[in-house]
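Here are some exercises to work through with the model open beside you. Try each task before you read its solution.

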Amino acid sequence: MADVMSMDDIRATAARLNVDLSSLDLDSIRLPAGEDFGVISDDEDLKKDESLEFEEGFGNIIVVDNLPVVPKEKFEKLEGVVRKIYSQIGVIKEDGLWMPVDPDTQKTLGYCFIEYNTPQEAELAKEKTNGYKLDRSHIFAVNMFDDIEKFMKVPEEWAPPETKPYTPGENLQKWLTDEKARDQFVIRAGSDTEVLWNDARQSKPELVYTRTYWTESFVQWSPMGTYLATVHRQGAQVWGGATTFSRLMRYAHPQVKLIDFSPGERFLVTYSSHEPSNPRDTHRVVINIFDVRTGKVMRDFKGSADEFAIGGTGGVSGVSWPVFRWSGGKDDKYFARIGKNVVSVYETETFALIDKKSIKVENVIDFSWSPTDPILALFVPELGGGNQPARVSLVQIPSKEELRQKNLFSVSDCKMYWQSNGDYLAVKVDRYTKTKKSTYTGFELFRIKERDIPIEVLELENKNDKIIAFAWEPKGHRFAVIHGDNPRPDVSFYSMRSGTNTGRVSKLTTLKGKQANALFWSPAGRFIILAGLKGLNGQLEFYNVDELETMAQGEHFMATDVEWDPTGRYVVTAVTSVHEMENGFNVWSFNGKLLYRILKDHFFQFLWRPRPPSFLSPEKEEEIAKNLKKYSKKYEAEDQDVSMLLSEQDREKRRMLKEEWERWIGEWKRLHEEEKLERQKLRDGEASDEEEEYEAKEVEIEELLDVSEEVISFD
């Protein structure tokens with residue numbers, strides 16, 4: 001890379017060479033062909049022979065075809081009808097409706113042009129009125145003005161597409177073959193984004209890739225860690241590669257604010273919200289679903305924010321996020337969204353509604369997919385003042401068959417939690433007391449994989465305890481609940497098995513008075529962190545649920561985030577920029593040993609790189625767990641070698657420090673010897689430097705400072 005010179009350096013060099021910069025025409029200077037002097041362009045697209053696309057400026061104009069052909073005397077009436085229809089959708093510009101007239105017959109030509117204030121209003125008008133039936137003979141065909149040119153360029157005869165030779169791509173999973181079996185993570189601090197290895201043996205991270213201004217808002221890993229997505233004003237991009245991070249694909253979506261991958265990484269959902277030209281209208285929402293590999297838009301959804309604001313939490317401008325939720329598994333076969341009294345389920349083969357219609361569910365307010373099977377859990381609240389009970393339903397897709405239903409009475413609120421394997425569904429139900437003045441909480445536990453899907457009711461010993469947090473053990477049968485009053489609630493552990501009876505829930509233990517408000521299970525199960533975040537100042541307790549014992553306690557003051565690595569070996573606690581002080585992250589072992597700490601100013605994000613599911617069968621995983629000592633010998637030997645290397649490095653470091661100290665002492669001794677005669681002179685010839693050999697004496701010295709005469713009168 002070439003060195004960068006400041007203008008002051010350039011002026012100094014020009015003066016030294018007697019070059020008059022004012023006489024140079026810098027615009028006329030051209031580099032030799034193929035020469036870049038080491039200054040590499042950051043935009044790979046410049047190397048591609050792609051035609052540039054310029055903004056035509058007609059994105060806010062639509063063409064409405066199939067209008068009635070009327071004579072001049074009916075022209076004003078037809079214009080009034082068209083204006084009334086299209087002014088309801090957006091603000092039409094002054095003189096923004098033009099209806100051409102045949103100069104010979106003085107009749108309209110059957111189409112018109114409408115110009116809106118914004119392209120978003122034009123797109124909405126096209127979506128809402130294309131196919132609008134004015135009468136039996138006139139059904140509107142609406143297109144964007146910009147599309148007309150595309151239609152004009154369609155060739156008369158079909159020609160087969162050119163077949164390009166296959167070129168193998170990079171191995172995007174190469175990072176999984178790391179010889180040290182390390183995991184990667186990405187961090188954002190200030191304007192820099194870095195991808196690093198977690199090298200816990202060396203007690204420090206190792207840099208993989210860094211880039212300044214890599215994203216304009218946030219970064220996000222795909223669910224299996226293949227891609228890293230960045231977000232920009234023009235759209236989203238995904239990056240990856242065998243040894244570095246190259247841009248793999250762009251997804252054009254102006255002003256994109258949120259993104260979401262499908263579980264199998266086949267599709268990317270992008271979201272944007274645009275302010276309307278009329279302040280009384282709601283925000284305009286645009287959602288695109290892209291094919292991740294090709295960058296093609298498979299389906300888009302457009303409408304007002306109100307249309308996407310039903311159900312769920314989060315998002316922006318009142319819209320719940322994610323708007324579309326994907327069915328479990330890597331197939332990415334179905335996705336769904338909630339609407340008013342409907343749940344719309346789409347299949348990705350055609351991106352159309354299953355059976356071309358939504359599932360009608362009166363007053364449905366929430367739904368969630370099983371993580372592994374095409375099963376929907378739906379929640380409908382109470383209606384009619386309690387005359388119609390709330391209910392939770394399980395619906396099979398694509399048949400839309402109801403597998404199980406449970407009516408719930410006196411319900412205040414309800415939240416659903418799926419276990420990661422889809423074996424169990426816990427429904428937390430807040431119920432009113434008889435007086436309706438307070439609520440209490442219980443759980444409805446569905447055993448999804450068992451015959452007829454039995455349901456078990458679980459109530460806490462103290463029904464009035466507030467539920468602060470709930471979490472399933474990943475791939476396991478246990479769950480944890482934080483309940484009671486802050487700042488020291490209780491933490492209880494339960495199992496869906498009871499001794500030899502695998503069909504009954506049982507309590508394992510209750511930990512009293514813990515400073516915790518969040519639960520973080522290891523991805524491998526067995527271990528859990530009881531964390532006191534936000535107001536509890538980062539208290540951490542590392543707990544072994546198999547042995548029902550605390551392994552360690554720690555603290556990361558002001559911690560805002562806790563993130564387990566995908567293997568469950570390490571865990572990170574972080575303080576992000578919501579706090580102004582102590583920004584950075586700590587890396588801990590699974591059993592609570594602090595391994596290293598990194599401080600970063602303006603620290604925004606920490607994300608472990610996810611791993612794809614293991615190819616090992618459950619039987620093979622069980623066999624490895626039983627014979628772990630045999631497999632671990634290799635890694636124990638490697639750990640010992642690393643430990644010896646670190647010990648040798650520590651010894652070398654100490655030796656260098658000692659040598660540096662001895663050099664410093666030697667230098668001072670040399671100076672001391674050189675100044676010996678000067679010291680002796682200052683001591684009136686006494687040679688010894690030992691203070692004990694001298695006796696301190698006080699000597700009084702009188703000195704005449706001034707003499708003055710004054711005549712004093714005796715009168």
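**Exercise 1: a strand with two neighbours**

In strand β8, Thr-193 is the bridge partner of Arg-188. This is a predicted model, so treat each solution below as a reading of that prediction.

Task: work out which strands pair with β7, and whether its two faces are buried or exposed.

Solution.
- Step 1. Start from the Arg-188 to Thr-193 partnership. The strands behind it, β7 and β8 (residues 192–199), run antiparallel and are joined by six bridges.
- Step 2. Look at the connection. β7 and β8 make a hairpin with two residues between them, and Gly-190 in the turn has a positive phi of about 60°.
- Step 3. Now find the other partner. Strand β43 (residues 603–608) also runs antiparallel to β7, with five bridges joining the two. Here Arg-188 stands opposite Gln-605.
- Step 4. Check the faces. Gln-184, Val-186 and Arg-188 lie on one side of β7, with Phe-185, Ile-187 and Ala-189 on the other, and all of these are buried. That fits the count for the strand (residues 184–189): six of its six residues are buried.

**Exercise 2: another hairpin**

Task: describe how β14 pairs with β15, and say which way its side chains point.

Solution.
- Step 1. The pairing of β14 with β15 (residues 267–274) is antiparallel, over four bridges. Within it, Ile-259 has Thr-270 in β15 as its bridge partner.
- Step 2. These two strands form a hairpin with five residues between them. Glu-265, in the turn, has a positive phi of about 65°.
- Step 3. From β14 (residues 258–261), Leu-258 and Asp-260 point one way, while Ile-259 and Phe-261 point the other way. All four names on that list are buried.

**Exercise 3: the largest nonpolar core**

Task: find out which residues touch the most other members of the largest nonpolar core, and which elements supply it.

Solution.
- Step 1. The largest nonpolar core has 21 residues, and those touching the most other members are Ile-62, Val-64, Val-82, Tyr-86, Ile-114 and Tyr-116.
- Step 2. Elements giving two or more residues to this core are β1 (61–65), α2 (75–87), β2 (92–98), β3 (111–116), α3 (119–129) and β6 (141–144). The most comes from α2, with four residues.
- Step 3. Zoom in on Tyr-116. Setting aside residues up to four places away in sequence, its contacts include Ile-62, Tyr-86, Ile-92 and Ala-125.
- Step 4. Another core, of 18 residues, lies apart from this one; among its members are Val-269, Tyr-271, Trp-326 and Phe-351.

**Exercise 4: ring pairs**

Task: classify the Trp-214 and Phe-245 pair, then do the same for Tyr-417 and Phe-470.

Solution.
- Step 1. The whole structure holds 42 aromatic pairs. In the Trp-214 and Phe-245 pair, the ring centres are 5.9 Å apart and the planes sit at 80°, so this one is edge-to-face.
- Step 2. Place the rings in the chain. Trp-214 is in the loop between β9 (204–212) and β10 (219–221), and Phe-245 is in the loop between β12 (235–240) and β13 (246–252), 31 residues apart. Both are buried.
- Step 3. For Tyr-417 and Phe-470, the centres are 4.7 Å apart and the planes are at 40°, so the pair is tilted.
- Step 4. Tyr-417 belongs to strand β27 (residues 411–418) and Phe-470 to strand β31 (residues 467–472), 53 residues apart. Tyr-417 and Phe-470 are buried too.
- Step 5. Finally, look for a cluster: ring pairs link Phe-267, Phe-301, Phe-324, Trp-326, Phe-335, Tyr-346 and Phe-351.

**Exercise 5: one leucine**

Task: decide whether Leu-408 is buried or exposed, and list some of its contacts.

Solution.
- Step 1. Leu-408 sits in strand β26 (residues 401–408). Its relative accessible area is 1%, so Leu-408 counts as buried.
- Step 2. Its C-alpha atom is separated by 5.4 Å from that of Arg-391, 17 residues apart along the chain.
- Step 3. Leaving out neighbours within four places in sequence, Leu-408 is in contact with residues including Glu-382, Pro-389, Val-392, Val-429 and Glu-444.

Key
Residues numbered from 1 in each chain as written. Predicted model: local features only at pLDDT ≥ 70, side-chain atom pairs only at ≥ 80, totals over all residues. Heavy atoms only, no water. Buried < 20%, exposed > 50% of the residue type's maximum accessible area, 1.4 Å probe, protein only. Pairing = 2+ DSSP bridges. Core = buried A, V, L, I, M, F, W, Y, C linked by side-chain atoms within 4.5 Å. Contact = heavy atoms within 4.5 Å. Phe/Tyr/Trp six-rings, centres within 6.5 Å; stacked < 30°, edge-to-face > 60°.
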